[in-house]
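Work through the exercises below with the structure open beside you. Try each task before you read its solution.

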Amino acid sequence: MTPLRVALLDQADGGQARQLDAALRAAGHEPRLIGSRAVAQAEALLRRRGFTPALTHVPFATLELQRADVDLAHAFTAPDAAAALAWRRLGGGPVVFTCCERIDRGSVANARQRLATLTRALGQPDAVVAVDDGVRADVERWFALSLAVVPAGDVHAHEALYRKLLAASAG
Amino acid sequence: MEGSIAVSVVVASHARHLRLRWLLNALEEQTLDRAEWELVVVHTYDADTAARVLDAHPLAAAGVLRHIAIEPGTGSPSKQRNIGWRAARGELVAFTDDDCRPEPDWLERLLAAAGEHPRAVVQGRTRPEPHEREILRASHVRTLDIEPVNAYRQAANILYPRALLERLDGFDEGAIAGEDVGLSLRAEAAGAVMAAAPGAVVNHAIESHTLPGIVRQNLKWRHLAYLAKRHPEFRAQLPLRIFWDEHHLRTTAALVGVAGARRNAAFALLALPYVRWSLGRRGRGATRRVIAAAELPGHAVRQTAEVIGMAAGAIRHRTLIL
């Protein structure tokens, strides 16, 4: 089996991307962590104007994906998914989004671009999964979407998912 | 009607299935005993969306929620609400919108107010969604902020006795906008009293739009000319009996001022109320005024489009309203 070349994006650095990175490496694959380059001043300005956090790194992450020699992008936050989807539109490969955040009525649409970013992240990637049962239940309640649960450390489940998506995109 | 209940909640929904889902979640938390109320949703969604959003919701499993699908493209708020209340079992019918989130005690308080004012139309308080307050920073937002009883009696939060709806034959399906105020005017003409229930609170979504998006959306207000034509008594509520609201009055004066200033500079003074209001709409302080000034051109385009739209509606319905 050829090693998988996967970009892992986790601007929030919740640890899931690093966990999967280590697991994929141990399994002989070639993951690549895409770091964030948020522009602090612009980010602060956007926050003052009511925008959802972590938007300014998106173009940089997209650029980095363009330069990276990867077959698939896997995002762990909604803004990261926006970067991955932009990369796909520019000719990149399949996109996976793992929803890691708990969602409730207070947080689902509490800033400008928040709902739009989350809706695109849950609706447009080639595969969307939940990191645990709590997140799966939240997404079902607030988005009426049923997601499979794939924990970040489950390398076999991710490997199977990636290969299926890559085969589908090649076919 | 089998098994009459105290109150039916009727919701018309179109192209907002996510917000509808959130409304269902809010209604799931109502403190009023579920044996006393039901929910009827009349929508235009395809079978898959309806199954996912409505059938799979706990309120459907509990037997509280029923939904009626109509052909996409054939609906309107008035038509869908009429289908909804006619299918409802309640002696009272509460209307709310699919972009609203009622507080948990909403129905209980609405029902209590209806008990204090039998046979009255009861309007609750509608306020911008507190969870979405940050979105108010956007240039072009849409929400509702209503202290009951107001002049427009929006269907976002209002309760009618079913008998009154039957007597009035429900909403006027010829009205594309303002159907809710039209119904309340006919109710008043029929002798109904309007009662306020300020404690019955519904939170209305705050949505930001692009300039073309908000202009497109606000074009529907041109149909308010139909309301003015059908209900001339409503003009008593309008500034100078001609303008839909104070914004339209200021905008029209500013447009006349700008046009007239080419011949006589004094005409420009007519634009002052508009500029003054626009610069102060974000509040006091230099930063807020700079933001308001930056937003002024976009707002001017939006308000001008609204007034032109109203003028087009006025021509179509042959009645003077701007």
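A residue is buried if 20 or more other C-beta atoms lie within 10 Å of its own, exposed if 12 or fewer do, and partly exposed in between, with C-beta atoms placed from the backbone. Helices (H or I, at least four residues) and strands (E, at least two) are DSSP runs, numbered from the N terminus. This is a predicted model, in which local features need pLDDT of at least 70 and side-chain atom pairs count only at pLDDT 80 or more, while totals for chains, interfaces and linings use all residues. Residues are numbered from 1 along each chain as its sequence is written, and chains are lettered from A and ligands numbered from 1 in the order in which they are written.

**Exercise 1. A helix and its cover**

Task: State which residues of helix H4 (residues 77–87) of chain B are buried, and name elements that cover them.

Solution.
- Step 1: List the buried residues. In H4(B) they are B:Pro77, B:Ser78, B:Gln80, B:Arg81, B:Asn82, B:Gly84 and B:Trp85.
- Step 2: Look for contacts. Two residues are in contact if their C-beta atoms, placed from the backbone, lie within 7 Å.
- Step 3: Name the cover. It includes strands S1 (5–13), S2 (37–43) and S4 (90–96) of chain B, and also helices H6 (162–168) and H7 (179–189) of chain B.

**Exercise 2. One residue in a strand**

Task: Is B:Glu91 buried or partly exposed, and which residues does B:Glu91 contact?

Solution.
- Step 1: Place the residue. B:Glu91 sits in strand S4 of chain B.
- Step 2: Count its neighbours. B:Glu91 has 15 other C-beta atoms within 10 Å, so B:Glu91 is partly exposed.
- Step 3: Leave aside neighbours within four places in sequence. B:Glu91 is then in contact with B:Ser4, B:Ala6, B:Pro161 and B:Arg162.
- Step 4: Check one of these partners. B:Arg162 is 71 residues from B:Glu91 in sequence, but their C-alpha atoms are 5.3 Å apart.

**Exercise 3. The sheet of chain B**

Task: Give the strand order of the 8-stranded open sheet in chain B, and find its edges.

Solution.
- Step 1: Recall the pairing rule. Two strands pair if DSSP finds at least two bridges between them.
- Step 2: Read the order. It is S3-S2-S1-S4-S8-S6-S9-S5 (chain B), with mixed pairing.
- Step 3: Find the edges. Strand S3 (65–69) and strand S5 (100–102) of chain B each have a single partner strand, so one side of each has no neighbour in the sheet.
- Step 4: Inspect one pair. S1(B) and S2(B) run parallel and are joined by 7 bridges. In S2(B), B:Val41 is the bridge partner of B:Val11.
- Step 5: Add a helix. H1(B) packs on the sheet and touches S1, S2, S3 and S5 of chain B. The direction of H1(B) makes about 5° with that of S5(B). Axes here are lines fitted to C-alpha atoms, for helices over the stretch in contact, and angles run from 0 to 180 degrees between N-to-C directions.

**Exercise 4. The sheet of chain A**

Task: Describe the open sheet of 6 strands in chain A.

Solution.
- Step 1: Read the order. The strands run S2-S1-S3-S4-S5-S6 (chain A), with parallel pairing.
- Step 2: Find the edges. Strand S2 (30–34) and strand S6 (148–149) of chain A have a single partner strand each, so one side of each is left without a neighbour in the sheet.
- Step 3: Inspect one pair. Strand S1 (residues 5–9) of chain A is joined to S2(A) by 5 bridges. A:Ala7 has A:Arg32 in S2(A) as its bridge partner.
- Step 4: Add a helix. Helix H3 (residues 58–67) of chain A lies across S1, S2 and strand S3 (72–75) of chain A, at about 155° to S2(A).

**Exercise 5. Where the chains meet**

Task: How many residues does each chain give to the contact?

Solution.
- Step 1: Count. Chain B gives 14 residues and chain A gives 12 residues.
- Step 2: Find the source in chain B. Helix H1 (17–28) and helix H2 (47–55) of chain B each supply at least two residues. H1(B) gives the largest share, 4 residues.
- Step 3: Sort by class. The chain B side has 6 nonpolar, 3 polar and 5 charged residues. Ala, Val, Leu, Ile, Met, Phe, Trp, Tyr, Cys and Pro count as nonpolar, Asp, Glu, Lys and Arg as charged, and the others, Gly among them, as polar.
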